[in-house]
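Please work through the exercises below with the sequence and the structure open beside you, trying each task before reading its solution.

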Amino acid sequence: MGIVFNFCENYDFLSNRAADIVGELLKAKPDCVLGLPTGSTPIGMYKKLIEKNKSGEIDFSKVTTFNLDEYYPIKKTSEQSYYKFMFDNLFDGININPDNINIPDGEAENAEIESLNYERKIDRAGGLDLMILGIGPNGHIGFNEPGKFLLPHTHVADLTEDTIKANARFFDSESEVPKTALTMGMGSIIAKSKKILLLVSGESKKAAFDKFYGEAKITADNPSTFLYLHGDVIVLSDIS
């Protein structure tokens, strides 16, 4: 299949279609394994999934989730943690078993050991049936930042100045943004995901999306291009 691009007329349409794709998987495989992102783009999808769950259309009780990334170091109770984001925007609204929720631990004493253990958890779960992703303004996927090379597995990533500036709006000041994060590697994403769903929304993503859409080569300067190595990717974009 390769990559299939779907251009949506607006954000609400994108969110509905994304939730339908997830819902179809849950109905076909109630004990599926989902890879989940944070950020503003998936919030609409999460709201639709909560509605579907509350109406009885879909059931999360047997679902296992793995989040894509987390700031490091950061407390779970921090307003800016991805742990809190996920509970506020999805987990508190659905009937998921808390034991089946996996998020990189921003409070871990040793980030390298946490990364290794997280990678092993994904392997023990049999990989991801569906990995949902967003794209950063600089083309990053998760916290796999542009550079000379990419690390394949879950690892500690140094955030670029572009990413720190882009995420500063969630903090009181730019200086409070963590300089590192825990993230699945592009190798983990490509090799361990049966299907990938990429959500692209908002004018701030237009330059990165245009480059990804028209990129003629796979390069670490644009991590999103590595998705071309996967055989089953659906892209939903409200950017014309």
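The exercises that follow concern a predicted model, and each task is followed by a stepwise solution.

**Exercise 1. The parallel sheet**

Task: Work out in what order the strands of the open sheet of 7 strands lie, and which strands are its edges.

Solution. Begin with the order, which reads S1-S10-S9-S6-S2-S3-S5, with parallel pairing. The edges are then strand S1 (2–7) and strand S5 (101–102), each of which pairs on one side only. Next, take strand S6 (128–134) and look at both of its partners. With S9 it pairs in the parallel sense over 6 bridges, and Leu-128 has Ser-193 in S9 as its bridge partner. With S2, strand S6 pairs in the parallel sense over 2 bridges; here Leu-34 stands opposite Leu-130, and Gly-35 stands opposite Met-131. Finally, consider how covered S6 is: 6 of its 7 residues are buried.

**Exercise 2. The antiparallel sheet and a helix across both sheets**

Task: Describe the open sheet of 3 strands, and then find which strands helix H4 (residues 111–124) lies across.

Solution. The strand order is S4-S8-S7, with antiparallel pairing. Strand S4 (69–72) and strand S7 (155–158) form the edges, since each pairs on one side only. Neighbouring strands of this sheet are turned by 30° against each other on average, when direction is ignored. Strand S8 (residues 180–183) pairs with S7 in the antiparallel sense over 4 bridges, and within that pairing Val-156 stands opposite Leu-182. Turning to the helix, H4 lies across S4, S7 and S8, and runs at about 125° to S7. H4 also lies across strand S3 (64–67), S5 and S6, running at about 145° to S3.

**Exercise 3. A phenylalanine in a loop**

Task: Decide why Phe-143 counts as buried, and list what surrounds this residue.

Solution. First place Phe-143, which is found in the loop between S6 and S7. Its relative accessibility is 3%, and because the cut-off for buried is under 20%, Phe-143 counts as buried. Then, leaving aside neighbours within four places in sequence, read off its contacts, among them Asp-69, Tyr-71, Tyr-82, Ala-157, Ala-181, Leu-182 and Thr-183. As a last step, compare sequence with space: Phe-143 and Val-156 are 13 residues apart in sequence and 9.0 Å apart in space, C-alpha to C-alpha.

**Exercise 4. Helix H2**

Task: Compare the span of helix H2 (residues 43–54) with the expected one, and identify what its buried residues pack against.

Solution. H2 has 12 residues and reaches 17 Å from its first C-alpha to its last, which is close to the 16 Å expected at 1.5 Å a residue. Its buried residues include Gly-44, Met-45, Tyr-46, Lys-48, Leu-49 and Ile-50. The buried residues of H2 pack against helix H1 (11–28), strand S2 (33–36), helix H3 (82–89), S6 and S9. After the helix comes Gly-56, whose phi is positive, near 85°.

**Exercise 5. A buried lysine**

Task: Establish where Lys-205 lies and which side chain of opposite charge is nearest to it.

Solution. Lys-205 is in the loop between strand S9 (193–200) and helix H7 (206–214). Although Lys-205 is buried, it has no salt bridge; the nearest side chain of opposite charge is that of Asp-238, 9.1 Å away, whereas a salt bridge requires a separation within 4 Å. Leaving aside neighbours within four places in sequence, Lys-205 is in contact with Thr-41, Ile-135, Gly-136, Pro-137, Val-200 and Ile-239.

How values were computed. Residues numbered from 1 in each chain as written. Predicted model: local features only at pLDDT ≥ 70, side-chain atom pairs only at ≥ 80, totals over all residues. Heavy atoms only, no water. Buried < 20%, exposed > 50% of the residue type's maximum accessible area, 1.4 Å probe, protein only. Lys, Arg positive; Asp, Glu negative; His and termini not counted. Contact = heavy atoms within 4.5 Å. Axes fitted to C-alpha atoms, helices over the stretch in contact; angles between N-to-C directions. Expected span 1.5 Å × (residues − 1).
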